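Ready for some practice in reading a model? Take a look at the structure below, then work through the exercises.

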Amino acid sequence: MTLQLNWSRAMTLMQRLGSVIGLLLLFVVLSIMSPDFLSTGNLLTVLRQVSINALIAFGMTFVILAGGIDLSVGAILALTGAVTAGLMASGHGMVLAVGAGLGLGLVLGIINGVLVSWGKVAPFIATLGTMTLLRGLTLSYTQGSPIPVTNQSFALLGGGYVANLIPLPVIWMFVAFVVCAFLLRGTVFGRHVVAIGGNEEAARLSGVRISPMKLAIYGLSGLLSAFAGVVLTSRLYSAQATAGAGYELDAIAAVVLGGTSLAGGRGWLFGTLVGALLIGFLNNGLNLLGVSSFYQQVVKGIVILIAVLLDRRQ
């Protein structure tokens with residue numbers, strides 16, 4: 001029994017270190033193949049692009065750790081961004097608009113939690129349904145057209161810089177990482193998330209309130225997706241009806257690449273950050289090398305499949 005536990009811990013450590021080593025190797029290879037890769041401007045640009053996926057992936061980490069999945073995050077991003085921009089276009093202030101967008105994301109996430117916990121719907125089916133529903137609502141709300149943003153203060157949320165160098169979205173990403181890491185490792189909430197994913201029945205018998213926990217977990221995912229939507233809308237100076245398409249897959253990929261098990265109960269948030277960086281720098285490197293976007297999808301798909309296979313093997 002002790003040997004099995006030690007082997008499991010060793011495999012988990014290897015998987016976690018694998019993502020970090022993979023990121024370092026990617027840096028070395030791309031810096032050799034493209035002299036522009038390590039330029040300050042390029043690295044900061046990639047970090048700004050990665051920040052959106054990372055914000056969503058942080059919330060997805062909690063969901064997957066609890067043994068669930070959330071396919072609606074991209075649709076939540078689109079709808080909350082559109083509502084935020086729409087309110088400002090109607091003459092409302094930035095604080096009200098951003099608050100409404102974040103509140104809507106929280107509510108939509110809780111609805112997912114209600115479907116999963118009390119409705120007993122499989123997470124994949126529940127969030128697939130809400131994803132389709134929210135996409136339709138976004139298209140209806142925007143009539144398929146972008147909603148421009150003219151509020152200059154709002155534009156700074158996603159387009160501003162700290163010390164005229166570091167993009168603000170990068171700051172939001174690291175702030176969210178610190179907060180989520182504390183929630184996961186430093187609170188009872190985080191320990192209950194891991195317990196539910198490890199063995200839900202055992203967690204219930206230990207006194208964990210499963211349904212309220214799932215509401216909170218999916219609510220957190222919805223809130224972070226909404227925040228990503230607000231930041232993206234600010235950066236683009238408009239809300240796009242099709243924003244966030246495919247973002248749910250990138251978020252899941254970042255979580256899995258970072259070493260979090262799709263079976264739940266095992267993972268770490270730093271790995272998710274590393275996974276998001278891996279995807280971002282891989283895309284950037286392939287662009288710098290002039291690789292066709294079609295082949296970029298092939299490469300990314302292969303990387304994700306390898307990560308999933310390693311997870312299942314473990």
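Here are three exercises, each with a worked solution.

This is a predicted model, where local features need pLDDT of at least 70, side-chain atom pairs count only at pLDDT 80 or more, and totals for chains, interfaces and linings use all residues. Residues are numbered from 1 along each chain as its sequence is written, and side-chain values use heavy atoms, leaving out hydrogens and water.

**Exercise 1.** Compare the expected span of helix α2 with the distance between its end C-alpha atoms.

*Solution.* Start with the element: helices are DSSP runs (H or I, at least four residues), numbered from the N terminus. Helix α2 covers residues 40–65, which is 26 residues. The expected span is 1.5 Å times one less than the number of residues, so α2 should span 38 Å. Its end C-alpha atoms are 35 Å apart, which agrees.

**Exercise 2.** Describe the aromatic pair formed by F58 and F177.

*Solution.* First, the rule: rings of Phe, Tyr and Trp (its six-membered ring) pair if their centres lie within 6.5 Å; planes under 30 degrees apart are stacked, over 60 edge-to-face, and the rest tilted. The count comes to 8 aromatic pairs. F58 and F177 are 5.9 Å apart, centre to centre, with 50° between the planes, hence tilted. Next, place them: F58 sits in α2 and F177 in helix α7 (residues 168–186), 119 residues apart. Finally, ring pairs link F58, F177, W268 and F270 into a cluster.

**Exercise 3.** Is α2 largely enclosed or not, judging by its buried residues?

*Solution.* Buried means under 20% relative accessible area (1.4 Å probe, protein chains only). In α2, 20 of the 26 residues are buried, so the helix is largely enclosed by the rest of the structure.

Note on methods. Helix = DSSP H or I, 4+ residues; strand = E, 2+ residues; numbered from the N terminus. Buried < 20%, exposed > 50% of the residue type's maximum accessible area, 1.4 Å probe, protein only.
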